[in-house]
Structure formats: structure tokens, C-alpha cells
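Visitor: I am new to this structure and would like a close look at a single part of it. Please take the sheet and what lies around it.

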Amino acid sequence: MQPRNMSMSGVVDLAAVKAAQEAKAKAEQARAEAARQGGGPAAVSPSSLVIDVNEADFERDVLQRSTEVPVVIDFWAEWCEPCKQLSPLLERLTVEYGGRIVLAKIDVDANQMLMQQFGVQGIPAVFAVVAGQALPLFQGAAPEAQIRGTLDQLIQVAEERFGLTGIAVDPDAQGAAPAAPTPPGPYDALLEAAVQALDAGDLGGAIQAYKNVLSDDPGNTEAKLGLGQAELLQRVQNLDPQTVRKDAAEKPGDVQAQIAAADLDLVGGHVEDAFGRLVDAVARTAGDDRTAARVRLLELFEIVGADDPRVTAARTALARVLF
């Protein structure tokens, strides 16, 4: 799912203070040693910032490397259509960041153990490892502006909490030249404003910014996705989870109670639970109640992404109860 884990708010739990202090001290020691020897490590080529990783070299290329630079992990597969859109974007951004991050690409079909260890439930899924500490970033496709914001936060956390300033890159070193930045699109400023509003907790402002884009370009996929995410977050921000779940359990025939609980399920990452709850609501109801449950289910499908296998399974289940 796209909207959850698009901030670094969870890094405090994953990056214990002791681990952070040890990693920071190790990074400072490495820099001091390099200075005594008259310089730092040799600069790398831009092409070496993007690497394919498997189970055999994971410790060396990800865990050990993460003590020098944040390592972003892209879990992908050849059959995954959203991966074909996200992976090139991540590769381009990695080169643009010029050594502040490294991208490790992991083919889930060939590395099932790593997929299980990270708890990956659907792809594309993006994680980061910083000083040996793993944290989820996002799942599914996401707007470029939102991904940039997440990477900026990751880099800031890595530097401030772990003392990781990245690795040197030589644009003229053997390998691919840095990718040219993509010219700004006509709605980049509005999309960036929406992401900034989300980061500031201004959900109303984010919703309006996305609507401004859609008023001129109704087919803009980034704005449609962002709007769905922001509206979902706005719907749940004032809910009392305990009350909502109690109502849903005690009133299985109350469609609005089931819809509210499904929203909470999705925000919490319980995608199958959210879908199953609404499919059941559709099966049990008729008329306006059935329409309300079905419409909310379709909205949640859009947020998770049409190519996600959980959406495919839920669509099949929905078709069975409708027809």
C-alpha cells in the first residue's frame, strides 16, 4: 500500500539509541582514519550506486554498506508491472542524490528468504537499511514528489542520528554517466505542495492541492493516488480505534461501522482484513448500504493499486458476492 510508512516517524523504534551512537561513532572513526591517511575512500562511479543483491551477498552489499551510506532496497519481480514503473524512477533518483544513498535491487522470485525476512506482502516494496537498522519506506507505486520527500527524510535521519554522510561519487569514473534530471512537469509544484502539506499534517491542504491538479488534468495518476491517500488519512485521523473496532464487532450489519473499521485496517497495513470486511458487508446488505460498501471497497482498491495481488483476489471475491 502506498500511503503508509511514507515518513520516518517509525525510525525511533527501529533505531535504538545505543545502536545509533555506536554507528555514529564508527562513522566518525572511519572518517578520522581516512583523514590521517591523507584522504577518504576512492570515489565510485554513478553506475555503482545501483546494485543487484542476492541472499549470498546481502550481508556485504547491504548490511556492511549501510554503515557508510543508507541503502534503499527495492523488492521487485519481472512479472510485476508497477515495478517496471517504480524501479527506473528509484534508479534515476539514486544517481541524482550523488552518493547520499545506494539502491539495492532484490528479485523476490530468486530471493524468497530475504522477502520473508523483511515481511514483504506485496511488491513493489521499498525498505531502507541504515547502520544495520531496517525500516519500511513504502509499498506500491508512489508519486515522485512523495518518494523524494521520503528519501530526503531518510538522508536527514541517517546523517543526524547515525552520522552517515554518504559516499563520494566521481561523475567521470568508468560507468554510466549521471542521469539527466527530468524537466519539471506542469503540476510538479502543486504535487510538491501537497506532499509538504501531508508532511505538516495539513490533510485539508493536501486534498485541495491534489484537487487543483485534477481540476485541470482529471487523468493525472499521481494526483488521483495522492488524493485517495490524503482522504483516507483524513477520514481516520479523529477516529477512536477501540470504539470503531468494538462497534464493528458488535454490529456486523452496520455498514458505516464496517467501512470505518476497513479504513483503519488499511491505514494499519491490514490490507486483506480491510478488503474482506467490505466484501462481507456487500454480501450481507442490499440497496444503499451495499452501494456504500462497494464504493468504499473500490476506493481502497485504487489506493493499494490495481496490480497488487491482494486487489486481484478481492475483486474476484467481490464478483462472487455481486453476481
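Guide: What follows describes the sheet, then a helix and a loop beside it, and ends with two residues from other helices.

The model is a predicted one. Its open sheet has five strands in the order S1-S3-S2-S4-S5, and the pairing is mixed. Strand S1 (50–52) and strand S5 (133–139) are the edge strands; each has a single partner strand, so one side of each has no neighbour in the sheet. On average, and with direction ignored, neighbouring strands of this sheet are turned by 25° against each other.

In general, the strands of a sheet pair through backbone hydrogen bonds, and the pairing is either parallel or antiparallel. Strand S2 (residues 71–76) and strand S3 (residues 102–107) are a parallel pair, joined over six bridges. One residue pair can be picked out here: Trp76 has Asp107 in S3 as its bridge partner.

Helix H4 (residues 81–96) packs on this sheet. The helix touches S1, S2, S3, strand S4 (125–130) and S5. The direction of H4 makes about 155° with that of S3.

After S3 comes a loop that leads to helix H5 (112–117), and Asn111 has its place in that loop. Asn111 has a relative accessible area of 4%, so it counts as buried, the cut-off for buried being under 20%. Apart from neighbours within four places in sequence, the contacts of Asn111 are Val53, Asn54, Glu55 and Ile106. With Asn54, the separation is 57 residues in sequence, but the C-alpha atoms are 6.2 Å apart in space. With Glu55, the side chain of Asn111 reaches the backbone nitrogen at 2.9 Å.

Two further residues can be placed in helices of their own. Gly205 belongs to helix H8 (residues 203–216). Gly205 has a relative accessible area of 25% and is therefore partly exposed, as that class lies between 20% and 50%. Ala193 is 12 residues from Gly205 in sequence, and 8.5 Å separate the two in space, C-alpha to C-alpha.

Arg296 sits in helix H13 (residues 287–304). The relative accessibility of Arg296 is 16%, so this residue counts as buried. Leaving out neighbours within four places in sequence, Arg296 is in contact with Arg235, Ile259, Asp263 and Leu278.

Conventions: Residues numbered from 1 in each chain as written. Predicted model: local features only at pLDDT ≥ 70, side-chain atom pairs only at ≥ 80, totals over all residues. Heavy atoms only, no water. Helix = DSSP H or I, 4+ residues; strand = E, 2+ residues; numbered from the N terminus. Buried < 20%, exposed > 50% of the residue type's maximum accessible area, 1.4 Å probe, protein only. Contact = heavy atoms within 4.5 Å. Pairing = 2+ DSSP bridges. Axes fitted to C-alpha atoms, helices over the stretch in contact; angles between N-to-C directions. Polar contact = N/O pair within 3.5 Å; in protein donor to acceptor, adjacent residues only side chain to side chain.
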